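Please look over the sequence and the structure shown here, and then read the report that follows with both at hand.

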Amino acid sequence: MTEPLFLAPVFHEKIWGGRKLETEFGYQIPDGKIGELWAISAHPNGPSTIENGPLAGKTLTEAWADDQDYFGHQKSKVFPLLTKILDANASLSVQVHPDDAYAAAHEAPGELGKTECWYVISAEPGSYLIYGHHAKTREELADMIHSGDWDHLLRKVPVKTGDFVYVPSGTIHALNKGIMVLETQQSSDTTYRLYDYDRTDAQGNKRELHLQQSIDTTTVPSVDPKLDIQTEQKDDATITTYVQAPISPFFSVERIELNGKLHQTPKAPYTLVSVLKGNGEFTADGKSFPIKKGTHFLIPNQIKAWEFSGDMEIITSEPGEEA
């Protein structure tokens, strides 16, 4: 019997981070401003370690290279997805991410582009995102960036707990203060900053900006994706499908609101799971595993049916055809 792969999180200190990963989720986090928890990752800047079963002690990166039975023998040279929790105790820089082609041409070998999405775990009253822009042409975009005309360039969008936001590569965006999200994204750590509020670090240094890359990669004019969010009842669960192909070629994302039991079978070679509320069990092949708020794991290819039981809120994701 093949077990799910439970994964140890990796924490990253950020200038905009806080302590909610400890106070809200109970993680034992390092000292400092911890902005990101990389929950399911095979990226070289923070690979997860498998905690159980025959692969215990291996990183997800090593498992992807050595143990493809767990993933259905995929073509991609790198594990294509990355799941994070972000705690924005202060506003993130205004930024944009490249697509696969631009990343392949300008970044380190193997680095993917970065389409991502957010499920809003919590948002303080009055919270908003930077999402999109008002420039009509790339020339106008460049002029507004170089002149620092942020008030006219950037769109502000209100956001609340429970919202879902899809952020394709080429979208100018930023999380702002008071927001915590679960982020599902391509496995990339490439960010082009175009504005960072003129902040400085402890040594008085400003973080690097990437104005030309931002101008090159931003979609002009700004286009909001049209999502087809669907909700269904199955067993004792409400399942909301936020994004899937063809809108999102890289991943699908679902939320499961469970009070009881839910039986499922795979729709992709493997499934990523994050428990955001409550506790319960994951059962496959007659063996049960306790899961609770803050648990992250991967359901491998060998598991062909499973059951969630308990009172939980869960986010699942699966690789798309272009992952």
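In this predicted model, strand E14 (residues 230-234) pairs with strand E15 (residues 237-243) in the antiparallel sense, and five bridges join the two. Thr 231 stands opposite Thr 240 of E15. Two residues lie between the strands of this hairpin, in which Asp 235 takes a positive phi near 50°.

Asp 235 can be set beside Asp 285, since each has a positive phi although neither is a glycine. The table lists where each of them lies and how accessible each is.

| Residue | Phi | Loop | Relative accessibility |
|---|---|---|---|
| Asp 235 | near 50° | between E14 and E15 | 45%, partly exposed |
| Asp 285 | near 50° | between E17 (271-284) and E18 (287-292) | 55%, exposed |

Asp 285 counts as exposed because its relative accessible area of 55% is over the cut-off of 50%.

Two cis peptide bonds can also be found in loops. One runs from Val 220 to Pro 221, with omega near -10°, and Pro 221 belongs to the loop between H6 and E14. Another runs from Ala 245 to Pro 246, with omega near 0°, and Pro 246 belongs to the loop between E15 and strand E16 (251-264).

Which residues of helix H4 (residues 138-146) are buried? They are Leu 141, Ala 142, Met 144 and Ile 145. Seen down the axis of H4, these buried residues fall within an arc of 165°, and therefore they line one face of the helix. Glu 139 and His 146, on the other side of H4, are exposed. The cover over the buried residues of H4 includes strand E8 (128-133), helix H5 (150-153), strand E13 (192-195) and helix H6 (211-217). After H4 comes Gly 148, which has a positive phi near 70°.

The largest nonpolar core holds 38 residues, of which Phe 71, Phe 79 and Ile 85 touch the most other members. Strand E3 (residues 34-40) contributes the most to this core, namely four residues. If residues up to four places away in sequence are not counted, the residues that Phe 79 touches include Ile 40, Leu 60, Trp 64, Phe 71 and Leu 298. Another core, of 19 residues, lies apart from the largest one, and among its members are Phe 6, Ala 237, Val 273 and Ile 299.

Thr 2, finally, lies in the segment before strand E1 (5-8). Thr 2 counts as buried because its relative accessibility is 17%, which is under the cut-off of 20%. Apart from neighbours within four places in sequence, Thr 2 is in contact with Tyr 70, Pro 300, Gln 302 and Ile 303.

Key
Residues numbered from 1 in each chain as written. Predicted model: local features only at pLDDT ≥ 70, side-chain atom pairs only at ≥ 80, totals over all residues. Heavy atoms only, no water. Pairing = 2+ DSSP bridges. Buried < 20%, exposed > 50% of the residue type's maximum accessible area, 1.4 Å probe, protein only. Contact = heavy atoms within 4.5 Å. Core = buried A, V, L, I, M, F, W, Y, C linked by side-chain atoms within 4.5 Å. Arc of directions from axis to C-beta.
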